[in-house]
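Trainee: Please take one part of this structure and go through it closely. I am new to it, so give the cut-off behind each term.

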Amino acid sequence: MSFKIASSPHHRVSRSTSQIMLLVVLACIPGIIVQALLFGYGVLVQLILAAISAWLAEAIVMVLRNKPALPRLKDHSALLTAVLLAIAIPPYAPWWLIVIGTFFAVVIVKQLYGGLGNNLFNPAMAAYVMLLIAFPLQMTQWLPSISLQPETLTPLDAVCAVFSQYTCSGFSISQLQNSIDGVSMATPLDTLRTDLAAGLTLTESMEAPVFYGIAGAGWLWVNLAYLAGGLILIKLRVIGWRIPVAVLGSLFLVSLLSWLAAADSNPSPLFQLFSGATMLAAFFIATDPVSASTTNRGRLLYGALIGVMIFIIRKYGGYPDGVAFAVLLANMSVPFIDYYTRPRTYGHKARSANK
């Protein structure tokens with residue numbers, strides 16, 4: 001008879017770290033498929049490059065630390081980091097961007113702090129912010145939805161575009177960023193922020209083709225796909241409900257209040273919920289068990305902080321989507337949140353009363 005010791009939280013369904021990480025990766029598949037179909041096959045190329053880079057970086061660090069590399073590769077934590085970073089960057093970003101970002105995530109953010117379980121920040125989001133600050137041009141090369149692109153790209157075109165920034169037929173990425181009528185196309189969040197800063201009203205900005213549908217052409221379906229994957233994780237009890245509900249609930253609430261206060265300068269709550277990386281953040285990024293809060297009340301506060309910060313950065317910040325910055329700021333607050341939300345020790349009140 002053996003007694004198994006495990007750290008909190010104590011899940012009734014016992015799963016190993018590798019099983020949990022692999023289930024999260026598998027839950028990303030619906031979103032990845034929709035993203036590839038609507039925004040191009042470049043995301044699949046980025047995934048392959050990211051996975052290879054993550055495994056290589058993890059193996060190199062383990063060898064340098066005189067530790068066996070295979071057990072670390074089998075826990076799938078490096079693979080999950082690679083997947084989250086690959087689907088967060090533009091699908092046709094140059095190949096070296098994802099390689100640099102993945103090495104930074106694994107070596108600097110994760111292994112430099114002692115490996116899995118010791119990192120202070122979410123590795124994928126820390127690497128995303130580093131790339132956004134260091135290479136802003138390459139990190140904003142998002143193409144419009146396939147329905148608005150002047151040229152339909154094949155999988156071979158995607159490979160050529162990632163490695164040379166030109167398709168096999170000779171189109172450059174900058175040419176593909178233009179719609180059929182020659183108007184430059186950015187993501188809905190970026191277009192909206194730029195238009196409002198230029199003095200346009202919300203109604204005038206929403207006339208752009210990129211705003212087709214509730215949350216922009218293609219983005220609604222991508223977010224719905226990641227929402228479906230996230231609900232599967234909650235159903236399987238791989239992640240808890242508190243952080244996703246707090247993220248989405250707080251974002252919806254502050255968006256609703258701002259929309260009711262000034263509907264012509266603030267997008268609707270549905271636009272906020274289904275634009276950009278909202279669902280990816282709520283279910284796959286904010287729920288990182290290492291860098292998130294560990295108490296039940298703390299998870300609600302942690303998630304609410306992320307949701308509010310996403311709204312603030314989107315509305316007042318210099319970047320169109322504030323997911324990565326919001327998550328990192330919340331990571332910084334975790335020690336404070338956990339300290340003030342930790343549960344009382346059993347019998348604490350009784351002992352105080354006796355005194």
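Mentor: What follows is an account of one helix, the link beside it and the loops around it. This is a predicted model, in which local features need pLDDT of at least 70 and side-chain atom pairs count only at pLDDT 80 or more, while totals for chains, interfaces and linings use all residues. Residues are numbered from 1 along each chain as its sequence is written, and side-chain values use heavy atoms, with hydrogens and water left out.

The helix is α8, which covers residues 155-164. Its name comes from a count from the N terminus over DSSP runs, where helices are H or I of at least four residues and strands are E of at least two. The buried residues of α8 are D157, A158, A161 and V162. Buried means under 20% relative accessible area, exposed means over 50%, and partly exposed is in between, with a 1.4 Å probe and protein chains only. Seen down the helix axis, the buried residues of α8 fall within an arc of 130°, so they line one face of the helix. That arc is taken from the directions from the helix axis to the C-beta atoms. The general background is that an α-helix has 3.6 residues a turn, so residues three or four places apart point the same way.

What do these buried residues pack against? Their partners are α3 (42-64), α6 (95-110) and α9 (173-176). Contact here means heavy atoms within 4.5 Å.

Next comes the disulfide, a pair of cysteine sulfur atoms within 2.5 Å. The whole structure has 1 disulfide, and this link joins C160 to C168 with an S to S distance of 2.5 Å. The angle about the S-S bond is 65°, and the link is right-handed. C160 counts as partly exposed because its relative accessibility is 23%. C168 is also partly exposed, with a relative accessible area of 43%. C28, by contrast, is buried because its relative accessible area is 0%.

Just after α8 comes Q165, which lies in the loop between α8 and α9. Phi of Q165 is near 65°, a positive value in a residue other than glycine. In general, most residues other than glycine have a negative phi. N66 also has a positive phi, near 60°. N66 is placed in the loop between α3 and α4 (69-74), and α3 is one of the elements that the buried residues of α8 pack against. N66 counts as exposed because its relative accessibility is 74%.

On the other side of α8 is the loop between α7 and α8, where T140 is found. T140 is partly exposed, with a relative accessible area of 46%. Leaving aside residues up to four places away in sequence, T140 touches P90 and Q177. Between the C-alpha atoms of T140 and V290 there are 29 Å, and these two residues are 150 residues apart along the chain.

In short, α8 has its buried residues on one face, and they pack against α3, α6 and α9. The loop between α7 and α8 holds T140, and the loop between α8 and α9 holds Q165 with its positive phi. The disulfide of C160 and C168 completes the picture.
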